[in-house]
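Subject: the two-chain model

Hi,

Here is the structure I promised to send over. Have a look at it first, then read my notes below.

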Amino acid sequence: MSGSQQNIKTMKPQSKAKAARLILGNEAIAEAAIEAGVNYAAGYPGTPSSEIIQTLANQAEKFNLRVEWSTNEKVAAEGAAAAAVAGLRSLVSMKNAGLSVALDFLTHLSLTGIGKRGGSMVVVVCDDPDAHSSGDETDSRWLSRFSYAPMLEPSSIDEAKRIISWAFHLSQEFACHVMVRSYTRLSHASALVKPGKKARHKAKPATDSSLSLTPYLARPAHGRTLARLAIFLTYFENSPYNAYEGPDDPDLIVVASGSGVNCARDAIDIMGLENKIGLLKIVTIWPFPESLILKILPKAKRVLVAEEVDPYLEVHVNAALNRCDGRRIKVFGRETGHIEPYGEITPERVCTAIAQILRVKFRLRSSEYQAQIDTNAEPLLINRGLSWCPGCPHRASFWAIERAIKKDGRDAYIIGDIGCYTLDVFPGGKGQMKLLHAMGSGAGLASGLGRLTSFGYKHPIISICGDSTFFHASMPALINAVHNDSHFVQVILDNEATAMTGFQPHPGISLNAVGQPAPRIKMEDLCQAMGAQVVVADPFDLKETTRIMRDLLRRDQGVQVLILRRTCELLRMKQTRKIPFSVSIDPERCRGRKCGFCLQQFQCPAFDIKLETEQPYIRSDMCSGCGVCVQICPSKAILKKEQIQY
Amino acid sequence: MNRHDPHNIVVSGVGGQGNILIARLLGRLFAIKGYQVSIAETFGAAQRGGSVFSSLRISKKKTGGPLIPFGRADIIIGIEPLETLRMLKYFGNPNVSTFTNDKPVYPIGVLRGNDRYPSTGKLKAALKTLSKNLLIIPATEAALECGGAIMANIVMLGALAGSELLLLPKEDIIAEVKESVPADKVSMNLKAFEMGFELSQRSSVKHLCPS
């Protein structure tokens, strides 16, 4: 799941051609790849990574790049690897969850390398500490070690540009892919960036290396890979990106990577401890520069590790010190509880840890001001729940699904998936989804649950996924379900875009990443070919959708697919700039808060209430004019009129 | 004159109100003036209606991280009053200058009747207690007069400009507004900006000076 960034304009260049521009970290990463001569780029959308491929797609024609939104991260990585094997420069990007999808392949790729044609491949993974827009806050740094791949983690946008360039160089030199870890506070931060010179890599694609792996070959390949990582280590031990700043005899050294570096600098600055605390910035995440650690850390007796999310550096610092009789140096961090073991790193978290370790008195704010907050602000701060946009087809779909389940009366069990429809679980949704995991997992879970009737499981099962999710990872699970005689209804909410991450295309629509016409793969045909029964409906027709849904539940055998097709409202608005209906509430008929059906049940954000009169009304600045609410009002008090121009 | 370095500005609102546009616009303005600029956007899963804020840090000395530390905002601009208060909880301090729209966007829980939106009086009192300088203006109302509630963010920018707290020439800000909005919406946005500017100039906040 993710937060979209609709309506954000790309920064305009300043008048001078080479002037620094204010751009997103992700835009800087894409720009650096172009400057490094990238030829091929692929990815699957996921916050906070999506703008990398989007930026490259926007430049594809100008720089003769092949850029694609792939069906999933594994396919994206495979495509990028093929380009590298053929001697080209490639980049693949994904969010943290996506790396797990691609990892089976990437681990293999580390063992073979990318061959001798002089190609290079950079894997950019964007983590989401704090899980702002994710179902988890996993730390990808472990996975570089796990998959025998070198990894770099920049601490600023400017550094990210140079790191991407270095990663391409290293990849070419060592003939293996190199990983770069980004994170929300880099990818979705903006800073001034100067454009560099654009290199063109004009390799002619060819294939001649033998890069196969079989059980017999894997063992020696593992050995060669480890030997290669040992050479990487010698580079990393001497890299100027790993740098110490601060006094020669500090009381405390903060070891930090990524966002931790800036947070540590802020903390030291705020506390005025520049003369007492040193900072060791680590950019080379794996292989870990152990000798550097042993050279720098003995300057102090105490070390604080500032990183996000897991204690990755902390574990490796401890291991290094333990090996070299460095036990007299005390290491603090997430493992010791000096920084909370989950969540983003922030300047104040580092401040608190420093104060605790050095036993200095420090208050983030005066107790008087905090007391004012506690008495005057805290009691007023109610939460702001999430909800689907006005006019969102998902609200209509879930409305119909809920009605059908009620009419069916057998307490159907709903399994969800990853997309805007996930908002169902929040108070602004219908609360129908009971089981929700990774991309495409809904169909797999339903496939298993749908086979339990012989054990006495009696509830009908509904699995709900989106269009992009269907292509990403639901298809193999559906095939599995049909083949293994599972029983459930698969609902595909087809809003004709990967909406939550910014309307990226997918195989189900007739455009590709760079906006050119592309063959559309019809999901109804695919599902039919799998052997499922398929029905297509319009979710805005609540009555008909409810009827179909109920019918499908009654069939109670095999895999029934219901495709609810309606374009994402934000996308529709962008394309047409038209509001179909003018919708209003007739105060004569409306029974107000006494009824409250529209506010409590339908929960469209365009509904508002005059708190003085308890009278619901529709906000003209919010209403998209879909007219669906006209169908739900028990008093028939909601009226729609003819089309108006936006 | 001195301002804190880095100088920290929070722009907050709910999803769809255009706070990121304001943060980036200010960022470009300060960049032209030779400042280093760093912006963080925090929007989570908010498509529409969720809490969204941007933090903007400017410095003459260095490119720092984009995260404003707890309690360290110099200016808070809010396009929704409850969200402004939420920002004060995290970033507020006795020296902060706060600019906010007065028009609530009710959370889902309030519309459902489960939660109570704070009364105008209590909300204003809390904002006032927690700010050194406070300007509350009817930005949505003004924006509607100009042609659309969506321009409340530009009204708020005008209000900030009118306070003279930014220490940036008005015409520079106007030039950047022109660059930042669709060509066919320039005149209505400039009107919105001017309305915010006027509202601010008429208030006592125009006399405030950076401490």
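What follows is a short tour of the confidence scores, the contact between the chains, and two sheets.

First, some housekeeping. Residues are numbered from 1 along each chain as its sequence is written, and chains are lettered from A and ligands numbered from 1 in the order in which they are written. This is a predicted model, so to speak of local features I need pLDDT of at least 70, side-chain atom pairs count only at pLDDT 80 or more, and totals for chains, interfaces and linings use all residues.

On confidence, the model scores ipTM 0.94 and pTM 0.95. Chain B has a mean pLDDT (the predictor's confidence in each residue, from 0 to 100) of 91, and 92% of its residues reach 70 or more. Among the elements of chain B, strand 4 (residues 75-78) has the highest mean pLDDT, 98, and helix 3 (residues 108-112) the lowest, 88. Helices here are DSSP runs of H or I with at least four residues, strands are runs of E with at least two, and both are numbered from the N terminus. One stretch to treat separately is residues 206-211 of chain B, where pLDDT stays under 50.

Now the contact between the chains. Each chain puts in 58 residues, with two residues in contact if their C-beta atoms, placed from the backbone, lie within 7 Å. Helix 9 (259-271) of chain A gives the most to the chain A side, six residues. That side divides into 27 nonpolar, 19 polar and twelve charged residues. For those classes, Ala, Val, Leu, Ile, Met, Phe, Trp, Tyr, Cys and Pro count as nonpolar, Asp, Glu, Lys and Arg as charged, and the others, Gly among them, as polar.

Two strands also pair across the chains: strand 8 (189-193) of chain A and strand 2 (residues 36-42) of chain B run antiparallel over three bridges. Pairing here needs at least two bridges found by DSSP. Ala191(A) stands opposite Ser38(B) in that pairing.

Then there is a helix pair. The axes of helix 13 (residues 367-377) of chain A and helix 4 (residues 120-129) of chain B come within 10 Å and cross at roughly 175°. Axes are lines fitted to C-alpha atoms, for helices over the stretch in contact, and angles run from 0 to 180 degrees between N-to-C directions. The two helices are therefore roughly antiparallel (an angle over 145 degrees). Gln372(A), Asn376(A) and Ala377(A) meet Ala125(B), Ala126(B) and Thr129(B) there, which makes three nonpolar, three polar and no charged residues.

Within chain A, look for an open sheet of seven strands in the order 3-2-4-5-7-6-12, with mixed pairing. Strand 3 (66-69) and strand 12 (284-286) are at the edges with a single partner strand each, so one side of each has no neighbour in the sheet. Strand 6 (residues 151-152) and strand 12 of chain A pair antiparallel over two bridges, and Met151(A) has Trp286(A) as its bridge partner.

Finally, in chain B, strand 5 (residues 97-101) and strand 6 pair in the parallel sense over five bridges, with Phe99(B) partnered by Leu135(B). Five of the five residues of strand 6 (residues 133-137) are buried, so this strand is largely enclosed by the rest of the structure. Buried means 20 or more other C-beta atoms, placed from the backbone, within 10 Å of a residue's own. Asn133(B), Leu135(B) and Ile137(B) point one way, and Leu134(B) and Ile136(B) the other.

Cheers

Methods: Parallel < 35°, antiparallel > 145°, perpendicular 65-115°, else oblique. Buried ≥ 20, exposed ≤ 12 C-beta atoms within 10 Å, placed from the backbone.
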